[in-house]
Amino acid sequence: MKFILATHNPGKLREMAAILSQYGVEVVSPADVGITVDVEETGTTFAENAMLKAKAICAAADLPAIADDSGLCVDALNGGPGVYSARYGGEGLDDKGRYTLLLQNMRGQTTRAAHFACAIACAFPNGDELTAEGRCDGTIAFAPMGEGGFGYDPVFFVPEKAKTFGQLTAEEKSAISHRGKALKAFSEKLATYLGK
Ligand code: IMP
């Protein structure tokens, strides 16, 4: 069975293709089937945004489509940047600019609790839907540590590892990350669905 993965990120495509191939599922990119759909992430939750993207790609290609949405939620910032994680601080900032701004906004905060969240949604041409979510709890570090990963990884500290995400290998991160957990939950649901 062929699925479209609604992402322009080759890293995500590789990661998900590897996991889903165990279930006889082939994952292709929108470009592979000749479609370009830019979906506006207008939802207020990760799950809503993931489903918006999955449904739009599914409708455009008439194939089952999988999409994900993720971000960092900080307690002291009322759950922000949340669904705005990729756009935190506006267009002009890169990953380093965004986590530097986050550290500035955390100055003087008494609680540094935070979590990463990831939602995965799958839409089928017959209207069926599958969803899964994962989260990883941690704290916001006082300074960036580690060169690995991307985004807010250098400032997301995981107490159980006594390291930031940026200090973990890709395998160590996947084993505990929001995306790793959501993918695992999703794979299990998809296996059950395909087995029906
Ligand atoms: P999206 O799910 O690709 O829209 O990503 C949302 C944004 O959340 C990214 O651009 C990152 O800033 C942040 N983010 C999501 N997952 C991670 C992660 O595993 N590490 C660091 N930042 C992340």
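This dialogue reads a helix, a buried aspartate, a ligand site and some strand pairing in a predicted model.

Reader: How many residues does helix H2 have, and how far does H2 reach?

Author: A helix can be checked by setting its span against the expected one. H2 covers residues 46–61, which is 16 residues, and from first C-alpha to last the reach is 23 Å. That is close to the 22 Å expected at 1.5 Å a residue. Just after H2 comes Asp62, with a positive phi of about 55 degrees.

Reader: Which residues of H2 are buried, and what covers them?

Author: The buried residues are Phe46, Asn49, Ala50, Met51, Lys53, Ala54, Ile57 and Cys58. Their cover includes four strands: E1 (2–5), E3 (65–74), E4 (113–123) and E5 (129–140).

Reader: Where is Asp69 found, and is Asp69 buried or exposed?

Author: Burial is judged by relative accessible area, and the cut-off for buried is under 20%. Asp69 is found in strand E3. Its relative accessible area is 6%, so Asp69 counts as buried.

Reader: Which side chains make polar contacts with the side chain of Asp69?

Author: Asn49 is one of them, at 3.3 Å. Lys53 is another, at 3.5 Å. Asn49 and Lys53 are also among the buried residues of H2. Leaving aside residues up to four places away in sequence, Asp69 touches further residues, including Glu41, Val83, Ala117 and Cys118.

Reader: How many residues surround the ligand, and which are the closest?

Author: A ligand site is read from its surrounding residues, then from individual atom pairs. Here 14 residues surround the ligand, the closest being Lys12, Ser70, Asp153, Lys173 and Arg179. A ligand nitrogen is 2.6 Å from a side-chain N or O atom of Asp153. Arg179 has a polar side-chain atom 2.9 Å from a nitrogen of the ligand. For Asp69, the distance from a side-chain N or O atom to a ligand oxygen is 3.4 Å. Taken alone, the ligand exposes 490 Å², of which the protein buries 87%.

Reader: In which sense do E4 and E5 pair, and over how many bridges?

Author: For paired strands, look at the direction, the bridge partners and the turn. E4 and E5 are antiparallel, with 11 bridges. Ala117 has Arg135 in E5 as its bridge partner. The two strands form a hairpin with 5 residues between them, and Gly127 in the turn has a positive phi of about 100 degrees.

Reader: What joins E5 to strand E6?

Author: E5 and E6 (residues 156–158) run antiparallel and are joined by 2 bridges. Thr139 stands opposite Phe157 of E6.

Methods
Residues are numbered from 1 along each chain as its sequence is written. This is a predicted model: local features need pLDDT of at least 70, side-chain atom pairs count only at pLDDT 80 or more; totals for chains, interfaces and linings use all residues. Side-chain values use heavy atoms; hydrogens and water are left out. The expected span of a helix is 1.5 Å times one less than its number of residues. Buried means under 20% relative accessible area, exposed over 50%, partly exposed in between (1.4 Å probe, protein chains only). Contact means heavy atoms within 4.5 Å. A residue is near a molecule or strand if one of its heavy atoms lies within 4 Å of it. A polar contact is a pair of N or O atoms within 3.5 Å; within protein, one must be able to donate a hydrogen and the other to accept it, and residues adjacent in sequence count only if both atoms are side-chain atoms. Accessible areas come from the Shrake-Rupley method with a 1.4 Å probe; for residues, only the protein chains shown count as cover. Two strands pair if DSSP finds at least two bridges between them.
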